[in-house]
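Let's walk through this structure together, starting at the ligand and moving outward to the backbone. Please have the sequence and the 3D view open side by side.

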Amino acid sequence: MTFDDSTAFERAATVLSENDRGTYTVPTKGLYPFQWNWDSCLTALGQRHIDEARAWTEIETLAAHQWPDGMIPHIIFHVADDGYFPGPDVWQTGRPVPTSGITQPPVMGFVLRRLYEEAKDKGLAEAKARALIGAADAWHRWFYAARDPEGTGLVALLHPWESGRDNSCDWDAALARVPTDGIEPYQRRDTSHVDAAQRPHKAEYDRYLWLVQRFRGLGWDNAKLHDASPFRVVDPGFNAILIRSDEDIAALGEALGMTGLATAARARVAKARAAFERLWSEVHGQYLCLDRVTGELVESRSVGGLLPLFAGLGTPERQQALAVRIAEWRAATRFGIASHDPADPRFEPKRYWRGPVWLIVNYLVADGLARCGLAEAAEAVHQDSLKLIEGGFAEYYDPVTGQGLGGGNFTWTAAMVAELVRKRAEAVA
Ligand code: DGY
């Protein structure tokens, strides 16, 4: 089915409203019945076109569950629901409202600036941005303290779930080092909602659970977790998001007259930028993950290595090389951007983060392409996103066939559609 823009917007608004729980939005019914960190922030980008106040509330709710050390967790378990595993009884983080004990890509700073700068209600935006910028800033300071204890300028992920790209091929080698002894018996719930062929394998889940148990055994003390984890990976995509969000909170801080906060954020950006280029691979013509345990780059070409465009990282030549990768991947499939290089034998077009296209990633990469002066390439990615929704507002899509996969009526897919069609309308107005 082909939608015109106003139908697409209406349908997106319906999905957002169906998944709205008043002060937060679930990613989708059944599969993900709580609040997820980066889902919520990206949801606000679409929600603002429907109700700006409600968009701010989404971020406020997330920020209200920040840990005292600054970490903002990846799941807030606002309600009891045994349709999801692992729930609060497994995490045991001891928070007043239960949360997970790990984090997720920090898009909050980026979203706060965009909500503020493009707000229709300027008074509300100023009050909300002033109230929320401190949470994003504290979270970023936490990242560099807890996840970069040696001060390299780049932060490590301690769990594949932190990347948001759960079962990416990027983690295969590092995850293979994670043991599986002593895992408590468990029953997955994801595969009762979604075809197992579109989800991670049991071997991965075992290791996801081993890491959770390991960190739980350390009392979720972030001063200990980094060095104690056998999984420590520096993801170029994640670090690029952190750098971009730090730039954005610096700009927002300046706009709000918070010069101390802005100066400190700019200093973090300068240090991270200086460190970042060691993730570049001349052989692969893109950025790669760095395994902090082995000290080696990970030979795995995923979309995480294209996301540095989002922070305008690299020389113009490197940015151009990333645009060439995107064009190649798009040409090898029907729809871009695949989450993994289609030429890699490990590419699986239906399995979650090992091949499928995600509209939120398309959005972040396209924003980066535009920022790097590659507007035509950005528009091509947006066009792919809007074509894909003909397969419904799915969690992710097969890049070869366009089939919608994973959870249905998915919030962040709808949010991206609302954002894209409203931006398109504003551009022609
Ligand atoms: C899941 O359960 O699949 C989530 O991605 C973890 O956050």
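The paragraphs below take up the ligand site, a sheet and some unusual backbone spots.

A word on the source comes before the tour: this is a predicted model, where local features need pLDDT of at least 70, side-chain atom pairs count only at pLDDT 80 or more, and totals for chains, interfaces and linings use all residues. Residues are numbered from 1 along each chain as its sequence is written, and side-chain values use heavy atoms, with hydrogens and water left out.

Let's begin with the ligand. Around the ligand you will find Tyr32, Trp36, His74, Tyr84, Trp161, Asp166, Arg199 and Tyr352; a residue counts as near if one of its heavy atoms lies within 4 Å of the molecule. By class, this shell holds five nonpolar, one polar and two charged residues. In that scheme, Ala, Val, Leu, Ile, Met, Phe, Trp, Tyr, Cys and Pro are nonpolar, Asp, Glu, Lys and Arg are charged, and the others, Gly among them, are polar.

Some of these residues also approach the ligand through polar atoms. The side chain of Asp166 has an N or O atom 2.6 Å from an oxygen atom of the ligand. For His74, the distance from a side-chain N or O atom to a ligand oxygen is 2.8 Å, and for Tyr352 it is 3.0 Å. On its own the ligand has 230 Å² of accessible area, and the protein covers 95% of it (areas by the Shrake-Rupley method with a 1.4 Å probe). The space that the ligand takes is the largest cavity. Here, a cavity is a set of points, on a 1 Å grid over the protein atoms alone, where a 1.4 Å probe fits but cannot get out.

Tyr352 deserves a second look, this time for its backbone. Its phi is near 55°, a positive value in a residue other than glycine, and Tyr352 is found in the loop between helix 14 and helix 15. Helices (H or I, at least four residues) and strands (E, at least two) are DSSP runs, numbered from the N terminus. Ile337 has its place in the loop between helix 14 (316–332) and helix 15 (359–371), and a cis peptide bond, with omega about 0°, joins Gly336 and Ile337.

Another cis bond runs from Phe85 to Pro86, with omega near 5°. Pro86 lies in the loop between strand 2 (75–76) and helix 4 (88–91).

Finally, turn to the sheet. Three strands form an open, antiparallel sheet in the order 3-6-7, where pairing requires that DSSP finds at least two bridges between two strands. Its edge strands are strand 3 (233–234) and strand 7 (296–297). In strand 6, Leu290 stands opposite Val234.

Notes
Polar contact = N/O pair within 3.5 Å; in protein donor to acceptor, adjacent residues only side chain to side chain. 1 Å grid on protein atoms, 1.4 Å probe; cavity = no way out; pocket = protein on both sides within 12 Å on 5 of 7 lines; lining within 4 Å. Sits in = over half its atoms within 2 Å of the grid points.
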